[in-house]
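Here is a short report on ligand surroundings and helix packing. The structure comes first.

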Amino acid sequence: MPDKAVDDAMESAVGAHFSGLRLEALRLPAPSGPSSPSSSTSAGAAAALANGLAHAGADVASPSSLRQPFVIGVSGGTASGKTTVCDMIIQQLHDHRVVLVNQDSFYRGLTAEESASAQDYNFDHPDAFDTEQLLECMGQLKRALPVNVPIYDFKNHRRCSERFRKVNASDVIILEGILVFHDQRVRNLMDMKIFVDTDADIRLARRIRRDTVERGRDVSSVLDQYGRFVKPAFDDFVLPSKKYADVIIPRGGDNHVAIDLIVQHIRTKLGMHDLCKVFRNVFVVQSTFQIRGMHTLIRDRDITTPDFVFYSDRLIRLVVEHGLGHLPFTEKQIITPTGSVYTGVDFCKKLCGVSIVRSGESMENALRACCKGIKIGKILIHRVGDNGQQLIYHKLPMDIDERHVLLLDPVLGTGNSANQAIDLLRRKGVAEERIIFLTLISAPEGIQCVCTRFPKLKLVTSEIDTGLSEEFRVIPGLGEYGDRYFGTDN
Ligand SMILES: Nc1ncnc2c1ncn2[C@@H]1O[C@H](COP(=O)(O)OP(=O)(O)O)[C@@H](O)[C@H]1O
Ligand SMILES: Nc1ccn([C@@H]2O[C@H](COP(=O)(O)O)[C@@H](O)[C@H]2O)c(=O)n1
Ligand SMILES: [Mg+2]
């Protein structure tokens, strides 16, 4: 493994795994009152982030060392289906790492005087938007900070002064609006530009319907606005910006093929965690909202012990099932009740679990639930004194050298205990490639430590965290796992 690749992956993994969770875990102050996106919330977030990152290591203290999110711009004429297409992309992706920002949110609110003659206001001219604020907001998101995006009311042409939409930093940001390709500074933020190209007659028909149904207009005012402002501005600003597009989607939301292709592309960009690209023996359980939700619960310091145990057990079972999927199999044919032959596989029989005491014992139930009658050994690593010396006690199956071993420890921090345990297994004759190390959360430092030393074992985890604090605690982490699971934390 080239050292440079490891260093790069460690740097980006420690500093830049864009999970909203990291920010949540730093317990951001709640949004406070109407303000621009750079308001107190963001300042608090910045402080919290800097504070949290300082704990995570020198490399991550500077926001500039964070990996940049992938920004997709979506433009097109009014009612071309931009918002619809973005909603479809987000629905299909079904991934919490994607957020949508609408240029509409940055419409300047009209003054009382302007409101009185709103029919004469040109909402399709670039000056109708507060582009500076949009840039500031996007800059914050690119620096992995959450923002409060204004909420715009099309009926009275004003921003809701009381309410904001909180947008968390994410791996993918979709920015949509009629003029998002107009300003070069906004364009420069984008890694991919999509233009939604829908026939003008269809757009006008949709606009009439939408504006009369949703935006409190009558047909005659829509037609008047369209002729005076919307169409001329489309010809002057929107259409000329089409040349910047990387992808043009004819027919908007009706074009399922184009949307599928874009979704595939974003999925590739979201890709794997950087550490999985470097360490081929690391496997992260595919994230879903269920998994994310369970992590949110067990990481919450206020959760009750029964709930902590319940959701931990659910997550552990997923990790165990994933780990079992890495065992070798043999083909097996059976006869079904319909008399048909079904060609399937037979489970690997020679396996055992080994828990690293004490927290690893919390994973035993899930393992037993998945593998009936499985033998489970134990390893206790006891630190003696301050000189780093460690005593190891163990109780392992006699024939462990003939088995595949599922090594259990819910939190991989520095990797020191794991390495001690794996060393012991190796001394007992277990082949490295027969060890599957199962953890709930892992620090990048621990992954590097274990996977560099034992490149042939497999490490399965459900989330990779930001890093280690100065006290070697996983950040954001979930505290003392064993104490929380066994209810001895108070
Ligand atoms: N493919 C489609 N077929 C029918 N109606 C559509 C389609 N795409 C969008 N619409 C409707 O047209 C209107 C404008 O679509 P929207 O996505 O809001 O466009 P934009 O954001 O580009 O202005 C909305 O009322 C929406 O429900
Ligand atoms: N108060 C406002 C603000 C904007 N508009 C129109 O909205 C269009 C942009 O939104 P799309 O979803 O259609 O892209 C733009 O064409 C403005 O004319 C408005 O009517 N009233
Ligand atoms: Mg829209």
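The text below covers two ligand sites and one helix pair.

This is a predicted model: local features need pLDDT of at least 70, side-chain atom pairs count only at pLDDT 80 or more, and totals for chains, interfaces and linings use all residues. Residues are numbered from 1 along each chain as its sequence is written, chains are lettered from A and ligands numbered from 1 in the order written, and side-chain values use heavy atoms, without hydrogens or water.

**Ligand sites**

Residues count as near a ligand if a heavy atom lies within 4 Å of it. Around ligand 1 these are G77, T78, A79, S80, G81, K82, T83, T84, R206, R210 and D254. Ligand 2 is surrounded by 17 residues, the closest being T78, K82, D124, Y152 and R207. Polar contacts (pairs of N or O atoms within 3.5 Å) are tabulated here.

| Ligand atom | Protein partner | Distance |
|---|---|---|
| Ligand 1, oxygen | A79, polar backbone atom | 2.8 Å |
| Ligand 1, oxygen | G81, polar backbone atom | 3.0 Å |
| Ligand 1, nitrogen | D254, side-chain N or O | 2.9 Å |
| Ligand 2, nitrogen | Y152, side-chain N or O | 2.8 Å |
| Ligand 2, oxygen | R217, polar side-chain atom | 2.9 Å |
| Ligand 2, oxygen | Q225, side-chain N or O | 3.1 Å |

**Helix pair**

Helices are DSSP runs (H or I, at least four residues) numbered from the N terminus. Helix 15 (residues 416-427) packs against helix 16 (residues 444-453) at about 25 degrees, with the axes 9 Å apart. The two helices are therefore roughly parallel (angles under 35 degrees). Helix 15 contributes N416, A418, N419, I422 and D423 to the contact, and helix 16 contributes C449, V450 and R453 (heavy atoms within 4.5 Å). By class, that contact has 4 nonpolar, 2 polar and 2 charged residues.

Conventions. Axes are lines fitted to C-alpha atoms, for helices over the stretch in contact, and angles run from 0 to 180 degrees between N-to-C directions. Angles under 35 degrees count as roughly parallel, over 145 as roughly antiparallel, 65 to 115 as roughly perpendicular and the rest as oblique. Ala, Val, Leu, Ile, Met, Phe, Trp, Tyr, Cys and Pro count as nonpolar, Asp, Glu, Lys and Arg as charged, and the others, Gly among them, as polar. A polar contact is a pair of N or O atoms within 3.5 Å; within protein, one must be able to donate a hydrogen and the other to accept it, and residues adjacent in sequence count only if both atoms are side-chain atoms.
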